[in-house]
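Here is a short briefing for a first look at this structure. Keep the sequence and the model side by side as you read.

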Amino acid sequence: MKFFLVAILFFPFFLFSQSVKVQVLGIAQDGGFPHAGCKKECCFSHLQHPEARKMVSCLGLKNEASNTAWMFEATPDFKFQQAILLEDKFNLKGIFLTHAHIGHYTGLMHLGREVMGAKQVPVFAMPRMVDFLKNNGPWSQLVSLENIVLQPLAANSPVALEEGITVTPILVPHRDEFSETVGYWVKGPNKQFLFIPDIDKWEKWDEDLINWLQKVDYAFLDATFFENKEVPGRDMSEIPHPFVVETMQKLENIPPSEKDKVYFIHFNHTNPVLQENSDARKLILKNGFHYAEEGMVFGL
Ligand SMILES: [Zn+2]
Ligand SMILES: [Zn+2]
Ligand SMILES: [Zn+2]
């Protein structure tokens, strides 16, 4: 009898505390994998085989207790990622955007009158990103027709989504032609994660990655390029990102339990981590880190 009373008393809390999850919906850089026009070995044979595709970097957040969900990024693969996340039972409560590069927001086009004709989907973005969407077609039409409702964010100010879930934008240095760039710090009832799909070198950030790893349980980090000289004939200083080997070196001396939190994401088509059985994949695992794969789910 006592057991049942205890079980009944705690059951809803137990259910709630296990119900919030983050799901990996895409792992590639803005152009996806394979890449348009790539005649190299990485993509050429895959370009005529869509089943080999990897979708653009995107995370989904969902609460199985309330059937609510949010997306981080609206990528060119939005149609698939939304369907995979929502499973026809979750309600999409909002989309958080990091910045105005094509892999991160152009999926919003599916919300417009040409496709879904969505009604007032909250789109959370920083002030320059909000202005960009308001003042440039075709995005401005999504705003005027109220397919989306822009929700301006402020750096370091948490947004409370539901009991026990907050999302905080963190500014990061990046090529900010059209908007500022943020990463997201997301707290669930029990665990939290950091999502930084695009950033210049770690040294240019006024935050300390090692401190962040102490704070969170999972970190999905920019792994656009594995190492220097990966894109022959292109000056890689024009496209600065922390190379995977640099990030691993920077984190070389942290405890294994901290390394275990790192999931590399946002792989360029040239990045060997996209290739199964590559030495790059093996090295990441050997060093105690992980690479994100579509379909991974983590409890929060
Ligand atoms: Zn990107
Ligand atoms: Zn390629
Ligand atoms: Zn970018």
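Which protein donors hold the zinc ion (ligand 2)? They are Cys38 (SG), Cys42 (SG), Cys43 (SG) and His269 (ND1), at 2.0 to 2.4 Å from the ion. Bear in mind that this is a predicted model. The points below cover the metal sites, two helices, some backbone features and two single residues.

**The site of the zinc ion (ligand 2)**

- The 4 donor atoms make angles of 103 to 117 degrees, and the site is tetrahedral.
- For comparison, the ideal angle for four tetrahedral donors is 109.5 degrees.
- Along the sequence, the donor residues follow the spacing C-x3-C-C-x225-H.
- Cysteine 38 counts as buried because its relative accessible area is 7%, and buried means under 20%.
- Cysteine 42 is buried too, at 13% relative accessibility.
- The structure holds 0 disulfides.

**The site of the zinc ion (ligand 3)**

- Four residues coordinate the zinc ion (ligand 3): His99 (NE2), His101 (ND1), His174 (NE2) and Asp198 (OD). Their distances run from 2.1 to 2.8 Å.
- The arrangement is irregular, because the 4 donor atoms subtend angles of 81 to 164 degrees.
- The sequence spacing of these donor residues is H-x1-H-x72-H-x23-D.
- Histidine 99 and histidine 174 link distant parts of the chain, 75 residues apart. Histidine 99 sits in the loop between β4 (91-96) and α3. Histidine 174 sits in the loop between β8 (165-171) and β9 (182-187).
- Both histidine 99 and histidine 174 are buried.
- A second metal is involved here: the zinc ion (ligand 1) lies 3.7 Å from the zinc ion (ligand 3). Aspartate 198 coordinates both.

**Helix α2**

- Helix α2 spans residues 78-86. Its buried residues are Phe78, Gln81, Gln82, Leu85 and Leu86.
- Seen down the axis of α2, these buried residues fall within an arc of 115 degrees, so they line one face of the helix.
- In an α-helix there are 3.6 residues a turn, so residues three or four places apart point the same way.
- The buried residues of α2 pack against β1, β2, β3 (68-72) and β4.
- Glutamate 87 comes just after α2 and has a positive phi of about 45 degrees.

**Helix α9**

- In helix α9 (residues 279-286), Ala280, Arg281 and Ile284 are buried.
- They line one face of the helix, because they fall within an arc of 100 degrees seen down the axis of α9.
- The other side of α9 carries the exposed residues Asp279, Lys282 and Lys286.
- Cover for the buried residues of α9 includes α7 (244-250), β12 (262-265) and β13 (290-291).
- Glycine 288 follows α9, and its phi is positive, near 95 degrees.

**Backbone features**

- Most residues other than glycine have a negative phi, and most peptide bonds are trans. The next points go against that pattern.
- Phenylalanine 33 and proline 34 are joined by a cis peptide bond, with omega about 0 degrees. Proline 34 belongs to the loop between β1 and β2.
- Glycine 137 and proline 138 also have a cis peptide bond between them, with omega near 0 degrees. Proline 138 is in the loop between α4 (127-135) and α5 (139-144).
- Glutamate 87 has a positive phi though it is a residue other than glycine. It lies in the loop between α2 and β4, and is partly exposed at 41% relative accessible area.
- Glutamate 146 is a residue other than glycine with a positive phi, near 60 degrees. It is found in the loop between α5 and β6 (148-152), and is partly exposed at 40% relative accessible area.

**Two loop residues**

- Threonine 106 lies in the loop between α3 (102-105) and β5 (121-125). Is threonine 106 buried or exposed? It counts as buried, at 14% relative accessibility.
- The side chain of threonine 106 reaches the backbone oxygen of isoleucine 102 at 2.7 Å.
- Beyond its neighbours within four places in sequence, threonine 106 contacts Ala74, Pro76 and Trp139.
- Glutamate 41 is in the loop between β1 (20-26) and β2 (58-63). At 78% relative accessibility, glutamate 41 is exposed.
- Glutamate 41 and threonine 270 are 229 residues apart in sequence, yet 9.1 Å apart in space, C-alpha to C-alpha.

Key
Residues numbered from 1 in each chain as written. Chains lettered and ligands numbered in written order. Predicted model: local features only at pLDDT ≥ 70, side-chain atom pairs only at ≥ 80, totals over all residues. Heavy atoms only, no water. Helix = DSSP H or I, 4+ residues; strand = E, 2+ residues; numbered from the N terminus. Buried < 20%, exposed > 50% of the residue type's maximum accessible area, 1.4 Å probe, protein only. Polar contact = N/O pair within 3.5 Å; in protein donor to acceptor, adjacent residues only side chain to side chain. Contact = heavy atoms within 4.5 Å. Disulfide = S-S within 2.5 Å. Arc of directions from axis to C-beta. Donors = N, O, S within 2.8 Å, 3.2 Å for Na, K, Ca; no water. Tetrahedral: all angles 85-135°; square planar, octahedral: opposite > 155°, others 65-115°.
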